[in-house]
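Work through the exercises below with the sequence and the structure at hand. Try each task before reading its solution.

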Amino acid sequence: MAESFSYEQLIASGEGRLFSSDSGRLPLPPMLMFDRITHIDSDGGAHGLGRVVAELDVKPDLWFFACHFQGDPVMPGCLGLDAMWQLIGFYLTWLRLPGRGRALGAGEVKFTGEVGPDVKRVTYEIDIKRVIKRKLNMAIGDARLLADGKEIYVAHDLRVGLFLREDNGGGQGAATT
């Protein structure tokens with residue numbers, strides 16, 4: 001299995017071409033909130049159950065800066081949180097588990113900073129702490145967002161599940177693969 005993914009491969013995931021046509025998918029731009037996955041494994045991280053690291057190159061012309069907030073641009077915190085859910089869903093799909101991903105919730109979420117247009121790179125780090133493989137495939141992870149290397153978001157117990165769809169053509173959730 002691949003241990004990293006380029007932007008082109010992430011787009012292929014969103015279009016259903018990276019794994020299989022009935023597997024989970026990442027959202028397409030502008031809701032895709034990272035440019036590459038630099039590392040993914042199934043036995044690393046703080047809990048030995050997997051780790052995902054991804055990056056977003058921040059450019060001052062990113063779509064959300066123009067509207068959030070006019071004259072005081074900042075990346076919405078919910079988009080950073082959504083990226084974390086997206087990555088956990090991608091992890092489940094990378095494991096070749098079936099279904100379409102949906103965010104199921106979060107434990108504690110804490111913001112101690114913000115991503116403005118002066119930031120050059122956002123890094124997401126996800127440590128998988130539990131994978132459930134039953135009728136519902138689900139992963140639970142702890143995550144953090146770093147802005148130019150400084151931790152500014154922390155989220156614990158992020159939950160993503162994969163749901164089987166009979167029609168395989170319905171809408172893609174905003175949160176995950």
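**Exercise 1.** Which residues of helix α1 (residues 7–14) are buried?

Some conventions come before the solution. This is a predicted model, in which local features need pLDDT of at least 70 and side-chain atom pairs count only at pLDDT 80 or more, while totals for chains, interfaces and linings use all residues. Residues are numbered from 1 along each chain as its sequence is written, and side-chain values use heavy atoms, with hydrogens and water left out.

*Solution.* Step 1: helices (H or I, at least four residues) and strands (E, at least two) are DSSP runs, numbered from the N terminus. Step 2: buried means under 20% relative accessible area, exposed over 50%, and partly exposed in between (1.4 Å probe, protein chains only). Step 3: the buried residues of α1 are Leu 10, Ile 11, Ala 12, Ser 13 and Gly 14. Step 4: these buried residues pack against β1 (36–41) and α2. Step 5: after α1 comes Gly 16, with a positive phi near 80 degrees.

**Exercise 2.** Compare the expected span of helix α2 (residues 77–94) with the distance between its end C-alpha atoms.

*Solution.* Step 1: the expected span is 1.5 Å times one less than the number of residues. Step 2: for the 18 residues of α2 this gives 26 Å, and the end C-alpha atoms are 26 Å apart, which agrees. Step 3: α2 is largely enclosed by the rest of the structure, because 17 of its 18 residues are buried.

**Exercise 3.** Is Arg 96 buried or exposed?

*Solution.* Step 1: Arg 96 lies in the loop between α2 and β3 (100–105). Step 2: its relative accessibility is 53%, so Arg 96 counts as exposed. Step 3: Arg 96 has a positive phi of about 70 degrees, although it is not a glycine.

**Exercise 4.** Describe the surroundings of Glu 55 in strand β2 (residues 51–57).

*Solution.* Step 1: Glu 55 counts as buried because its relative accessibility is 14%. Step 2: contact means heavy atoms within 4.5 Å. Step 3: leaving aside neighbours within four places in sequence, Glu 55 is in contact with residues including Phe 34, Thr 38 and Arg 121. Step 4: the C-alpha atoms of Glu 55 and Thr 38 are 7.2 Å apart, although the two residues are 17 residues apart along the chain.

**Exercise 5.** Where are the cis peptide bonds that involve Pro 30 and Phe 69?

*Solution.* Step 1: a cis bond joins Pro 29 to Pro 30, with omega about 10 degrees. Pro 30 is in the loop between α1 and β1. Step 2: another cis bond joins His 68 to Phe 69, with omega about 0 degrees. Phe 69 is in the loop between β2 and α2.
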